[in-house]
Amino acid sequence: MSDIPLIPQSKLPGLGTTIFTRMSELARQHEAINLSQGFPDFDGPAYLKERLAWHVAHGHNQYAPMSGAAPLRQAIGDKTAGLYGYRPDSDTDITVTAGATEALFAAITALVRPGDEVICFDPSYDSYAPAVALAGGVVQRIALKPPAFGFDAAELSARISDRTRLIILNTPHNPTATVWSGDDFAALWQVIRSREIYVLSDEVYEHICFAPGGHCSVLAHPGLRQRSVVVSSFGKTFHMTGWKVGYCIAPAAISAEVRKVHQYLTFAVNTPAQLALADMLDAEPEHYLNLPEFYRAKRDYFSQALAGSRLRLLPCTGTYFLLADYSAISTADDVSFCHWLTTEAGVAAIPLSVFCAGDFPHHLVRLCFAKQNETLAAAASKLCAL
Ligand SMILES: Cc1ncc(COP(=O)(O)O)c(C=O)c1O
């Protein structure tokens, strides 16, 4: 018996390595310009790096408190109050996590019971559905329709059942670069207010929003925030995706359940990084306040550089992604097109269909513009030649 090699029955059959890892690897092999995976090719703020080194050198190297270092939770509370007019309790409502990914997983695990239905809007970020499946839940997908990819409250209402437990939304939205408005949240609230349904709001791009009134957070809605977990990521905000520090905000009773998962998933997050982030938030708030302008300039630079191409760009009101319709260049499906684009044309992109279940007949690819202008110019010149 002990000689037989054991192969576990997969709890996530059909799932392989993510497209992001695969495209980045393909880009590396073919020395293509990598606009696929969402990470900057420039570094984060000097002060943040200095503070990390300082805290390491000054002995702040043991476990942080399970819920997060107190100065960081305090700084997150201050930032939230300043931006959204609502101050979460930094002791009970804020939990620092190993990136937004951990916060999403902990929230889904805490809230979803076997047989519960969870509504996701497709295209949706790839970590949601596996977490729901592991919790024994069932994903109900609502397809957002291009080119606006707008939220339709009537469609949501029609899809809600007695088993609906959680709605997962993402604004600014990866990959469609659209945002939710205050009216969308008001409509969502009308649909769910008399039901026991929770909201998981993935707001990792909260500081990369180009909408006229700025980012609209669930935290600014007094009703919704009482039953929501709102997730953010310092990786996006400070150009440090490799640090993997994020957080979630939820009312005390919900946070208590999320923390029960978090304490056995990671227990606590990297101490010196948390303390450095607290220093950074306090000392240089202009970094995140100026981020929309920083990325707006990159979006416009890249869009203008692509003006002579046969790609048709869709509007971008948030995130550091642009969607491009390539149907004037090729009739191939988007996965084949991205493979060809990487191996033959020297630019790596992500096919939109990987964010959706079932057939997705559109010819759209996602391009990441969190890159130095030289990188964007070099990519644009290759894309303009197609
Ligand atoms: C919509 C969305 N949610 C969550 C994450 C994960 O963030 P983190 O790297 O902080 O885990 C990402 C990263 O790309 C994202 O785009």
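In this predicted model, β9 and strand β10 (residues 321-325) pair in the antiparallel sense over two bridges. The bridge partner of L313 in β10 is A324. Both strands belong to an open sheet of four strands, ordered β9-β10-β13-β12 and paired in the antiparallel sense. The edges of this sheet are formed by β9 (312-313) and β12 (350-351); each has a single partner strand, so one side of each is left without a neighbour in the sheet. In general, strands of a sheet pair through backbone hydrogen bonds, either parallel or antiparallel.

**Ligand site**

The ligand sits in the largest pocket. Its shell holds 13 residues, and the closest are T101, D202, S233, K236 and K244. By class, five residues of the shell are nonpolar, five are polar and three are charged. Helix α4 (residues 99-111) gives the largest share of the shell, with four residues.

Side chains of the protein approach oxygen atoms of the ligand at the distances set out below.

| Residue | Side-chain atom | Ligand atom | Distance |
|---|---|---|---|
| T101 | N or O atom | oxygen | 2.5 Å |
| K236 | polar atom | oxygen | 2.6 Å |
| Y205 | polar atom | oxygen | 2.7 Å |

On its own, the ligand has 400 Å² of accessible area, and the protein covers 92% of this area. T101 and K236 appear in the table with distances of 2.5 Å and 2.6 Å, and both residues are also listed among the closest to the ligand.

K244, another of the closest residues, has a backbone feature of its own. Its phi is near 50°, which is a positive value in a residue other than glycine. K244 is placed in the loop between α8 (234-237) and β8 (246-249). The ligand shell thus includes a loop residue, K244, with positive phi.

**Cis peptide bonds**

Two peptide bonds that lead into proline residues deserve separate description. The bond from D122 to P123 is cis, with omega near 0°. P123 is found in the loop between β3 (117-122) and α5 (128-134). The bond from T171 to P172 is also cis, with omega near -15°. P172 lies in the loop between β5 (164-170) and α7 (182-192). In each case the proline occupies a loop that runs between a strand and a helix: β3 and α5 for P123, and β5 and α7 for P172.

Notes. Residues numbered from 1 in each chain as written. Predicted model: local features only at pLDDT ≥ 70, side-chain atom pairs only at ≥ 80, totals over all residues. Heavy atoms only, no water. Near = heavy atom within 4 Å. Polar contact = N/O pair within 3.5 Å; in protein donor to acceptor, adjacent residues only side chain to side chain. Areas by Shrake-Rupley, 256 points an atom, 1.4 Å probe, with all protein chains shown as cover. 1 Å grid on protein atoms, 1.4 Å probe; cavity = no way out; pocket = protein on both sides within 12 Å on 5 of 7 lines; lining within 4 Å. Sits in = over half its atoms within 2 Å of the grid points. Nonpolar A, V, L, I, M, F, W, Y, C, P; charged D, E, K, R; others polar. Pairing = 2+ DSSP bridges.
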